[in-house]
Amino acid sequence: MLKTAIVGLPNAGKSTLFNRLVGRKAAVVSNIPGVTRDRREGVGRISDLEFRIIDTGGWNNQTNFSLQVIEQIEFSLLSADVIFFLVDAKAQNEQNKEFAKWLKRKTNKPVILVANKCESHRSGNVDYLQFFDFIGPVYISAEHNLGMIDLYDTLAGVIESFIDSSYVIPQSSPTIQVADYLDPEKNKQIPVSRTGTTSDQANEFTKLKIAIIGRPNVGKSTFLNSLLAENRLITSSEPGTTRDSVDITYDHGGKLITLIDTAGIRRKANVTDDLESRFVEKSMESIKCSHVIVLMLDSFVGIEQQDLSIGEAAIKGGKGIIIVLNKWDLINKNDRSKLIKFVKQQEVTRLFLEVPTITISALKAMRCSDVIDKCLEVNEFLSRKISTAKLNNWLIDALNRHTHPLVKGRAIKMKYIAQIGTKPPAFSLICNMPKNVDESYIRYLVNDLRKNFFAEGVPVRLLLKKNKNPYAK
């Protein structure tokens, strides 16, 4: 699939254009410069044109993360086929000239100059960039969806020039030429991924979504970089380095998985900044759209109330969960067993769920792949279906081992159980007095059900229903 990258100075509107092209609010947008740091990718569309689109951080050499952001921009230039150089047309910024010179040095790929924030009229504030011989300018307003027809025409013209020059899309799409991409007789505009599979096939493989969740500075981005064996995400000892959630496709032994890096979640009382609140909201949204949650902890700190709150949110949402203790190599050997025991105790007493716990060192890439293996196992059990016969045999045995106490002299009778859903596994249990069943007894049944049929980290839901009297009116 054709790949485009949006580059430019901070606050030019790159993330707004990215959101417009992908058709959803995938990136946090703010008037504060420098919100976007890590690059993100999505599938963009303008009418019948479909392409991969890369959002990047603003080019700036005056911030703490400048070198890492620029490194991410450089990688985007290498992997893209067409570049959108986005500028704020409302203000003539001489730094755009410096960036234009840098861009000319770094790439010889087609660069389309896109003048953003042109809500009322075509601004002349981009004339000072005409000597760089970019394609365009194209005047748009990403926020108000203006000028997209002009952007379509310009991009289509660039693609046609590829065809005329027999240009072949480079390594980002090694199996398809631009001519093939446009020719309906050859491919009918079916996008092809880097692995040579169609987008429909890729979606089939990337159904598993894993969100890496935790407090700030526990090593979430470092873990993902070690797993990917590249500096895919910006890392720093400074808390709050990751600001927005970033989706990454990862090939794990032939299985494509979507990994979601998230901003650190602090206690609500400590979040006073509106922008940080939006980052935390995106992190919580990542829990909702994922199947398995990796709750990452700093081994030096252990497990705290905030971690348990995150875990409770994941379990309440029916997500599989595993706990990862990072920075394990720095923990004294004599303290390790105590820490594991304490974490396990908190899992059972606070989360009411036994959770698989893996110890890693993200910085040293120690046991990082084991985390994904365990996520795959948990996801498999999330989808497991148990036959009704096996379930009712289990129910008889569970009731015989531990009966419910009498309620006002009456016996609680549980007659029949059946599975009614997956992800998470859900069951319906027919009972004569469901409202009188003790909460601790329900917990006993759920835990025993999980131990017999599922793995650690899999939440199980049990719904008690009253049996219907066929003779009642």
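**Exercise 1. Is M414 buried or exposed, and what is its relative accessible area?** Determine also where M414 lies and which residues it touches.

*Solution.* The structure is a predicted model.

Step 1. Locate the residue: M414 belongs to strand β13.

Step 2. Compare its accessibility with the cut-off. A residue is called buried when its relative accessible area is under 20%. The value for M414 is 10%, so M414 is buried.

Step 3. List the contacts. Leaving aside residues up to four places away in sequence, M414 touches L395, L399, L429, I430, C431, V437, Y441 and L445.

Step 4. Consider a pair separated along the chain. M414 and N467 are 53 residues apart in sequence, and their C-alpha atoms are separated by 9.2 Å.

**Exercise 2. Describe the open sheet that contains β13, and state which helices lie on it.**

*Solution.*

Step 1. Establish the strand order. The open sheet has 3 strands in the order β13-β14-β15, and the pairing is mixed.

Step 2. Identify the edges. Strands β13 (414–421) and β15 (461–466) are the edge strands, since each pairs on one side only. From one strand to the next, the twist averages 25 degrees.

Step 3. Examine one pairing in detail. Strand β14 (residues 426–431) runs parallel to β15, and 6 bridges join the two. Within this region, L429 stands opposite L464 of β15.

Step 4. Add the helices. Helix α13 (residues 439–453) packs on the sheet and touches β13, β14 and β15. The direction of α13 makes about 130 degrees with that of β15. Helix α12 (residues 388–401) lies across β13 and β14, at about 135 degrees to β13.

**Exercise 3. How many residues of helix α7 are buried, and against which elements do they pack?**

*Solution.*

Step 1. Count the covered positions. Helix α7 spans residues 220–228, and 7 of its 9 residues are buried.

Step 2. Name them. The buried residues of α7 are K220, S221, F223, L224, N225, L227 and L228.

Step 3. Find their partners. These buried residues pack against the strands β7 (209–214), β8 (246–252), β9 (255–261) and β10 (292–298), and against helix α11 (368–382).

Step 4. Look just beyond the helix. A229 follows α7 and has a positive phi, near 60 degrees.

**Exercise 4. Which backbone values at N11, K117 and the bond from K423 to P424 deserve attention, and why?**

*Solution.*

Step 1. Recall the general expectation. Most residues other than glycine have a negative phi, and most peptide bonds are trans.

Step 2. Consider N11. Its phi is positive, about 65 degrees, although N11 is not a glycine. N11 lies in the loop between β1 (3–8) and α1 (14–22). With a relative accessible area of 30%, N11 is partly exposed.

Step 3. Consider K117. Its phi is near 65 degrees, also a positive value in a residue other than glycine. K117 is found in the loop between β5 (111–116) and β6 (135–139). Its relative accessible area is 22%, so K117 is partly exposed.

Step 4. Consider the peptide bond. The bond from K423 to P424 is cis, with omega near 5 degrees. P424 is placed in the loop between β13 and β14.

**Exercise 5. Which residues form a nonpolar patch on the surface, and where is L330?**

*Solution.*

Step 1. Name the members. F300, V301 and L330 form the patch, and together they have about 300 Å² of accessible area.

Step 2. Place L330. This residue lies in the loop between β11 (320–326) and α10 (333–351).

Step 3. Classify L330. Exposed means over 50% relative accessible area. L330 has 52%, and therefore counts as exposed.

Notes
Residues numbered from 1 in each chain as written. Predicted model: local features only at pLDDT ≥ 70, side-chain atom pairs only at ≥ 80, totals over all residues. Heavy atoms only, no water. Patch = residues over 30% accessible without salt bridge, like charges linked within 9 Å, V, L, I, M, F, W, Y side chains within 5 Å. Areas by Shrake-Rupley, 256 points an atom, 1.4 Å probe, with all protein chains shown as cover. Salt bridge = Lys/Arg side-chain N within 4 Å of Asp/Glu carboxyl O. Helix = DSSP H or I, 4+ residues; strand = E, 2+ residues; numbered from the N terminus. Buried < 20%, exposed > 50% of the residue type's maximum accessible area, 1.4 Å probe, protein only. Pairing = 2+ DSSP bridges. Axes fitted to C-alpha atoms, helices over the stretch in contact; angles between N-to-C directions. Contact = heavy atoms within 4.5 Å.
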